[in-house]
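Visitor: Can you walk me through this one? I'd like to start with the ligand and then go to the backbone.

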Amino acid sequence: MSNKKIVVGNWKMNPGTVDEAKRIARKTRRAASKLEHTDAVVCPPFPFILAAASRKKYLHYHLGAQSASFETGGAHTGEVSANVLRDIGVEYVIVGHSETRREGANIGDTDETVSNRVIAVLEAGMKAILCVGEKNRDESGAHFDFVKDQMRKSLADVPKLRSQDVILAYEPVWAIGAKESMKPEDICEMAIFVKKIFSDIFGNDSAQKVQVLYGGSVNFHNAADIMKIGQVDGLLVGRESLNAVGFVELLKAVDEVKY
Ligand code: PEP
């Protein structure tokens with residue numbers, strides 16, 4: 001386990017107004033500044049990233065984005081480059097979220113575009129939060145091969161030296177936006193598994209350092225158990241990150257977790 005915990009709030013295409021974005025960000029950074037062992041990262045939609053920033057530096061509060069173009073600039077209408085994100089203060093970028101990978105999605109990610117985005121994010125000097133996870137699972141255990149394949153393809157071009165800037169987010173697609181999270185015992189099994197694959201790709205020394213997050217219906221009630229029993233370094237949180245009261249409680253609960 002890494003000694004620093006991290007909680008990433010994925011706001012998706014929310015909230016509806018800049019005032020609401022400012023309100024959620026303000027509450028989150030105040031809570032983050034009181035944390036001791038945990039970093040909080042907020043990933044608003046692009047137009048709200050600067051609204052979530054503050055002139056004053058808040059400890060343990062960081063800006064993230066939900067994706068980045070793999071192009072560096074030029075004639076790419078509608079895209080936002082990793083360098084531009086870095087320039088406005090973004091430090092983390094979510095890459096390959098299942099909502100950008102799913103069929104018919106606006107972004108339409110494939111393992112290849114995800115791999116290109118990871119490289120673009122790392123080259124711009126930010127950390128890539130790489131999302132992997134099976135769509136469904138059954139008794140056959142096919143989900144292990146699915147996740148292994150996703151990881152191998154998405155990390156195909158990352159040099160070992162840059163692997164330290166990759167964060168792995170295991171997010172079983174069936175648990176995102178659901179009523180309940182995956183069972184913490186099963187999360188533990190997958191956390192060990194993704195570390196093992198990371199070790200096969202980059203070596204044991206890199207795998208010792210990589211942070212593994214879990215995402216999928218995390219809230220302030222289940223966060224501590226998921227961290228402790230699931231043996232993860234952090235959480236990727238959707239809906240609860242927009243509920244300022246719940247998210248503040250979640251951050252406190254994670255910060256108090258002792259493994
Ligand atoms: C997510 O958006 O990555 C996510 C895990 O969403 P939720 O927490 O709402 O399930």
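Guide: What follows is a short tour of the ligand site, one helix and a few single residues.
Guide: This is a predicted model: local features need pLDDT of at least 70, side-chain atom pairs count only at pLDDT 80 or more, and totals for chains, interfaces and linings use all residues. Residues are numbered from 1 along each chain as its sequence is written, and side-chain values use heavy atoms, with hydrogens and water left out.

Visitor: Which residues come nearest to the ligand?
Guide: Lys12, His97, Glu171, Gly177 and Arg239, out of 13 residues around the ligand. Being around the ligand takes a heavy atom within 4 Å of it.

Visitor: How does that shell split by class?
Guide: There are 3 nonpolar, 7 polar and 3 charged residues. Ala, Val, Leu, Ile, Met, Phe, Trp, Tyr, Cys and Pro count as nonpolar, Asp, Glu, Lys and Arg as charged, and the others, Gly among them, as polar.

Visitor: What lies 2.8 Å from an oxygen atom of the ligand on the His97 side?
Guide: A polar side-chain atom of His97. Gly177 uses a backbone N or O atom, 2.7 Å from a ligand oxygen. A polar backbone atom of Ser217 is 2.8 Å from an oxygen atom of the ligand. The cut-off for a polar contact is a pair of N or O atoms within 3.5 Å.

Visitor: And how much of the ligand does the protein bury?
Guide: 99% of the 290 Å² that the ligand exposes when taken alone. Those areas are Shrake-Rupley values with a 1.4 Å probe.

Visitor: Back to Ser217. Where is it?
Guide: In the loop between β7 and α9. Helices (H or I, at least four residues) and strands (E, at least two) are DSSP runs, numbered from the N terminus. Phi of Ser217 is near 60°, a positive value in a residue other than glycine. Most residues other than glycine have a negative phi, and most peptide bonds are trans.

Visitor: Is Ser217 buried or exposed?
Guide: Buried, at 9% relative accessible area. Buried is under 20%, exposed over 50%, partly exposed in between, with a 1.4 Å probe and protein chains only.

Visitor: What other backbone oddities are there?
Guide: His60 has a positive phi of about 65° and is not a glycine. His60 sits in the loop between α2 (49–52) and β3 (61–65), and counts as buried at 14%. The peptide bond from Asn14 to Pro15 is cis, with omega near -10°. Pro15 is in the loop between β1 and α1 (18–32).

Visitor: Now α9. Which of its residues are buried?
Guide: Ala223, Ile226, Met227 and Gly230, in a helix spanning residues 223–230. They lie on the same side of α9 because they cover an arc of only 100° around the axis. The arc is taken from the directions from the helix axis to the C-beta atoms.

Visitor: What covers them?
Guide: The cover includes β1 (5–10), α7 (184–202), β7 (212–215), β8 (234–237) and α10 (244–256).

Visitor: What follows α9?
Guide: Gln231, with a positive phi near 55°.

Visitor: Switching to Ser163: what is it in contact with?
Guide: Val158, Phe198, Phe202 and Ser206, leaving aside neighbours within four places in sequence. Contact means heavy atoms within 4.5 Å. Ser163 is in the loop between α6 (142–154) and β6 (166–170), and is buried at 3%.

Visitor: Last one: is Val245 buried or exposed?
Guide: Exposed, with a relative accessible area of 61%. Val245 lies in helix α10. Its C-alpha is 9.0 Å from that of Ile24, 221 residues apart along the chain.

Key
Polar contact = N/O pair within 3.5 Å; in protein donor to acceptor, adjacent residues only side chain to side chain.
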